[in-house]
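The exercises below each set a task and then work through a solution one step at a time. Please keep the sequence and the structure in view while you read.

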Amino acid sequence: MARRKLQESEYAIQARGLGKSYRLGQLESYLTIRETVTKQFKQLFGQGKDPNQLDRRRWFKALDDISFDIPKGQIVGIIGHNGAGKSTLLKLISKITEPTEGYVDIEGRVGSLLEVGTGFHPELSGRENIYLNGSILGLRKREIDANFDAIVDFAGVEEFLETPVKRYSSGMRVRLAFAVSAFLNPEILVVDEVLSVGDAEFRKKSLDKMKDVSQTGRTVLFVSHNMGAIQTLTERCMLLNHGTLVEDGPTDKVLDVYTKQVLPQSRTSSSFETNLPGLKINYIKSTNDLKKLGYQKPLNFEVELDSTKPHQDVFIGIQIFNSKMSRICTLSALVKDLKCGTTQISVAWKKSLLPPGFYSVGMGLAKSGHGVFYNNNMISLEIADYNTDDWFLSSRRDVLGVYPPVKVNIK
């Protein structure tokens, strides 16, 4: 593939036909003398094949023909299932490993936070590792000195600066590694899922810092399974699936595609046991006409319970989750007298206010204030766009804990 030099002031990252393959299996096997002699004897008389030769033909393509351009100053989310190729892509961008195919051009220094304690030497102290990382990024001592106090304050490790990093907890190593990467001014900041190791306060600080970094014209690549963080932080998102780039565009659009992939592709659930003796859920399903399921249209569910003994005051909560897996509403029903046998409960939301997109539907059961069942991913829904008001919908996407009025029928 012809390679075009990255134009100055145009892109921070440009990839063309990027691919990475790994050889599976163990290339070198460690055998006893007896095993070595036996293997060579079999090969000599054609009774066996060298297992190493078999291994050389076993390849796994972690990334396959990926191309994209990332302008300077943009925050880009990278999402996908485990094993989709997200971390491999970041390692290629960070120059930790070389591509098997294609190329990636980078303009500027790259600060990478791909694993807990990336680039740290365990025997060196926190102070020494700050200067070590700064040197790796190409900074002079006076430049590191200028940011040293801010790094220590952000990481909250002042008390342990002279302690070897090998004695740090995983959370402390992440805090220090992120602070070094963010404050030593790399033009491109690459962050993998490692922020999930930190506590809630540090995660919030880190997200705020990444916003600040992008506002100064630097580029951020952010991998996370936290869809809330992806939607809050990024305007553009790339979705990887089995090593290929399947979607690249506005974050809301890409999250809807991803949500559709991970949701159960069914509108009727299977049966579920509960923690209440003799009570099980036969199914939960949507009874809507698929062609008429849209904004401000009726939304109807049916739940069938099967009980071998009577129960009083069983509370049912049908919960709807958006693409961030944030609960946006609960449709509730109370069964005062649950008799033996099967009972069907229909729950109707006369005029749903769900914005267009894909949703996960779960359910919880409780009796006397104690939960006896909960599953947040039982069936899926797609709400179509029926000439709705985009401004109003955008203001409703992340509303939590709404309990709309519903009509309940028990028979």
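**Exercise 1. Find the helix that holds Asp208, and decide whether this residue is buried, exposed or partly exposed.**

Solution. Begin with the position along the chain: Asp208 lies in helix H7, which runs over residues 200-215. Bear in mind that this is a predicted model, and that the class of a residue is read from its relative accessible area, where buried means under 20% and exposed means over 50%. Because the relative accessibility of Asp208 is 33%, this residue counts as partly exposed. As a last step, look across to Leu233, which is 25 residues away from Asp208 along the chain, and find that the two C-alpha atoms are separated by 8.5 Å.

**Exercise 2. Consider two residues other than glycine that have a positive phi, Asp65 and Asp313, and state where each is found and how accessible it is.**

Solution. Take Asp65 to start with: its phi is near 55°, and it is found in strand S2, residues 59-71. Its relative accessible area is 52%, so Asp65 is exposed. Now turn to Asp313, whose phi is likewise near 55° and which is found in strand S13, residues 311-321. With a relative accessibility of 39%, Asp313 counts as partly exposed.

**Exercise 3. List the buried residues of helix H4, and explain how they are placed around its axis.**

Solution. In helix H4, which spans residues 126-136, the buried residues are Gly126, Asn129, Ile130, Asn133 and Gly134. These residues lie on the same side of H4, because they cover an arc of only 135° around the axis. The next step is to ask what covers them, and the cover includes helix H5 (141-155) and helix H6 (170-183). After H4 comes Gly138, which has a positive phi near 90°.

**Exercise 4. Describe how H5 and H6 pack against each other.**

Solution. In general, two packed helices are described by the angle between their axes and the distance between the axes. For H5 and H6 the angle is about 145°, and the axes are 8 Å apart. The crossing of these two helices is right-handed. On the H5 side the contact is made by Asn147, Ala150, Ile151, Phe154 and Ala155, while H6 contributes Arg175, Leu176, Phe178, Ala179, Val180 and Phe183. Sorted by class, the contact of H5 with H6 has 9 nonpolar residues, 1 polar and 1 charged.

**Exercise 5. Work out which residues touch the most other members of the largest nonpolar core, and which helix gives the largest share of this core.**

Solution. The largest nonpolar core has 44 residues, and those that touch the most other members are Ile79, Ile130, Ile151, Leu176, Phe178, Met210 and Phe222. Helix H6 supplies the largest share of this core, with 9 residues. To follow one member outward, take Ile79 and leave aside its neighbours within four places in sequence: its contacts then include Lys86, Ser224, Met227, Cys237, Leu240 and Tyr258. There is also a second, separate core of 34 residues, which includes Ile316, Ile318, Cys329 and Leu338.

**Exercise 6. Give an overview of the chain by its helices and strands, its buried share and its contacts.**

Solution. Count the elements of the chain, which has 10 helices and 18 strands. Then turn to burial: of its 411 residues, 46% count as buried. Finally, take the contacts between residues at least 6 apart in sequence, among which 71% join residues at least 24 apart.

Technical notes
Residues numbered from 1 in each chain as written. Predicted model: local features only at pLDDT ≥ 70, side-chain atom pairs only at ≥ 80, totals over all residues. Heavy atoms only, no water. Buried < 20%, exposed > 50% of the residue type's maximum accessible area, 1.4 Å probe, protein only. Helix = DSSP H or I, 4+ residues; strand = E, 2+ residues; numbered from the N terminus. Arc of directions from axis to C-beta. Contact = heavy atoms within 4.5 Å. Core = buried A, V, L, I, M, F, W, Y, C linked by side-chain atoms within 4.5 Å. Axes fitted to C-alpha atoms, helices over the stretch in contact; angles between N-to-C directions. Left-handed = near helix turned anticlockwise from the far one by under 90°. Nonpolar A, V, L, I, M, F, W, Y, C, P; charged D, E, K, R; others polar.
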